[in-house]
Amino acid sequence: MGLLTRVRFHQRQVIPFPHSYKSHQNPKLISQTCNYPIPSARSGRRIPIVTVRALSTKAAAASTPPSKMVKAIRVHEHGGPEVLKWEDVEIGEPKEGEIRVKNKAIGLNFIDVYFRKGVYKAPDFPFTPGMEAAGVVTAVGPGLTGRQVGDLVAYAGNPMGSYAEEQILPANKVVPVPSSIDPIIAASIILKGMTAQFLLRRCFKVEPRHTILVHAAAGGVGSILSQWANALGATVIGTVSTKEKASQAKDDGCHHVIIYKEEDFVSRVNEITCGNGVDVVYDSVGKDTFQGSLACLKTRGYMVSFGQSSGTPDPVPLSALAVKSLFLTRPSLMQYTTTRDELLETAGEVFANVASGVLRVRVNHTYPLSQAVQAHVDLESRKTSGSVVLIP
């Protein structure tokens, strides 16, 4: 009553409640008028009428655009490929700084397996895996510039969630795709290509006269590493599992190919280098090759462990590195693209090398997104080579 005693009325007064809203569809105020009696603070006085203007339910609905349902792969628990579930998920409108993208192609990578198994921890459950895709912008958040509906874009890394027909992405995490590059090519190389870029150009800068060892040389990243290192003038030694993959590795620029199931790669590298060892090893296999990789390095050589498809390597005592003053690093793309400028520069060099023919992208396997289970089975059983792409 304290508040009402300070309100003076004539016959009628309009009180905005809570204030005037405008619909994004109709710029005119949408309101309803209701008459509420307000008690008088003094007895005997005539009770005035206050007209209260309230927000229409139509305006409220208009201010919150309806969401829609899309298909996506969801993971509710860690495990084998069978935990990948094809489900309906809700997607809304992009907020400030965000865009909505309709994916045209989605890259499959071993990091997806690591998250599915729990080697890497997802932020929450359930989650949608996937860290590489290319697609068309279908909506932009309020006030956003630099991106517009219809743009072809690609992204790699965080946020996870590319195994979906559509997704919401931070606008500063996507890169424009040149018109000369097909979405399937873009999706197959954006993550793998940027990984190869920072491994060869910044983690250890490969130059002419360097000798390098690339494990899984016929895989998605290995294929790009081999081509790119060859173009930089390095001598490339690659390991593969089969004769068919050995042929591909040769085509991709490996000067020497070792079929590790038929011969010991440490002994063979020693022969090729006349006992000197290699300048750097790029190892994405992990447990099965880690100790052998260290043995292949020359004095002050670089061990770059960027994956663990065979499992996590056993702990390494520092004394094992001291024997040859070795360098050991476990890098991640996310730490090499922390700024917008780094991201654009890295992706730009990848796309430029694709356009110029330095890099040939091998999309050897495509699967419908709904068949992600089979794609994971084939990837883990080493039945794939080159890049693997999921099509929504």
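Q: Which residues does Asp283 touch, leaving aside those up to four places away in sequence?
A: This is a predicted model. In it, Asp283 sits in strand 14, residues 278-283. Contact here means heavy atoms within 4.5 Å. Not counting residues up to four places away in sequence, Asp283 touches His215, Thr289, Phe290, Ser293, Met303, Val304, Ser305, Phe306 and Gly307.

Q: How far from Asp283 is the nearest side chain of opposite charge?
A: Asp283 is buried, yet has no salt bridge. A salt bridge needs a side-chain nitrogen of Lys or Arg within 4 Å of a carboxyl oxygen of Asp or Glu. The nearest side chain of opposite charge belongs to Arg382, and its distance from Asp283 is 8.5 Å.

Q: Which backbone nitrogen does the side chain of Asp283 reach at 2.8 Å?
A: Two backbone nitrogens come into play for this side chain. That of Gly286 lies 3.1 Å from a polar atom of the Asp283 side chain. The one reached at 2.8 Å is the backbone nitrogen of Val285.

Q: Why do the buried residues of helix 5 line one face of the helix?
A: Helix 5 spans residues 243-251, and its buried residues are Lys245, Ala246, Gln248 and Ala249. Look down the axis of helix 5: these buried residues line one face because they fall within an arc of 160°.

Q: Which residues are exposed on the other side of helix 5?
A: Start with the buried residues of helix 5. They pack against helix 4 (220-231), strand 12 (235-240), strand 13 (256-259) and strand 17 (363-368). On the other side of helix 5, the exposed residues are Lys243 and Glu244.

Q: What arc do the buried residues of helix 6 cover around the axis?
A: The buried residues of helix 6, residues 265-272, are Phe265, Val269 and Ile272. In an α-helix there are 3.6 residues a turn, so residues three or four places apart point the same way. The buried residues of helix 6 are on the same side of it, as they cover an arc of only 60°.

Q: Which parts do the buried residues of helix 6 pack against?
A: Four strands and one helix need naming here. The strands are strand 11, strand 12, strand 13 and strand 14. The helix is helix 7 (290-296).

Q: Which residue takes a positive phi just after helix 6?
A: Helix 5 is followed by Gly253, whose phi is positive, near 110°. Just after helix 6, a positive phi of about 55° is taken by Cys274.

Q: How many residues apart in sequence are the parts tied together by Phe204 and Tyr302?
A: The count of aromatic pairs comes to 7. Phe204 and Tyr302 form a tilted one, 4.9 Å centre to centre, with 55° between the planes. Phe204 lies in the loop between helix 3 (183-203) and strand 11 (211-214), and Tyr302 in strand 15 (residues 297-305). The pair therefore ties together parts whose separation in sequence is 98 residues.

Q: Is Phe204 buried or exposed?
A: Buried means under 20% relative accessible area. Phe204 has a relative accessible area of 10%, so it counts as buried.

Q: What is the angle between the planes of Tyr302 and Phe327?
A: At 26% relative accessibility, Tyr302 is partly exposed. Tyr302 and Phe327 form a stacked aromatic pair, 4.5 Å centre to centre. Planes under 30 degrees apart count as stacked. The angle between these two planes is 10°.

Key. Residues are numbered from 1 along each chain as its sequence is written. This is a predicted model: local features need pLDDT of at least 70, side-chain atom pairs count only at pLDDT 80 or more; totals for chains, interfaces and linings use all residues. Side-chain values use heavy atoms; hydrogens and water are left out. Buried means under 20% relative accessible area, exposed over 50%, partly exposed in between (1.4 Å probe, protein chains only). Helices (H or I, at least four residues) and strands (E, at least two) are DSSP runs, numbered from the N terminus. The arc is that of the directions from the helix axis to the C-beta atoms. Lys and Arg count as positive and Asp and Glu as negative; His and the chain ends are not counted. A polar contact is a pair of N or O atoms within 3.5 Å; within protein, one must be able to donate a hydrogen and the other to accept it, and residues adjacent in sequence count only if both atoms are side-chain atoms. Rings of Phe, Tyr and Trp (its six-membered ring) pair if their centres lie within 6.5 Å; planes under 30 degrees apart count as stacked, over 60 as edge-to-face and the rest as tilted.
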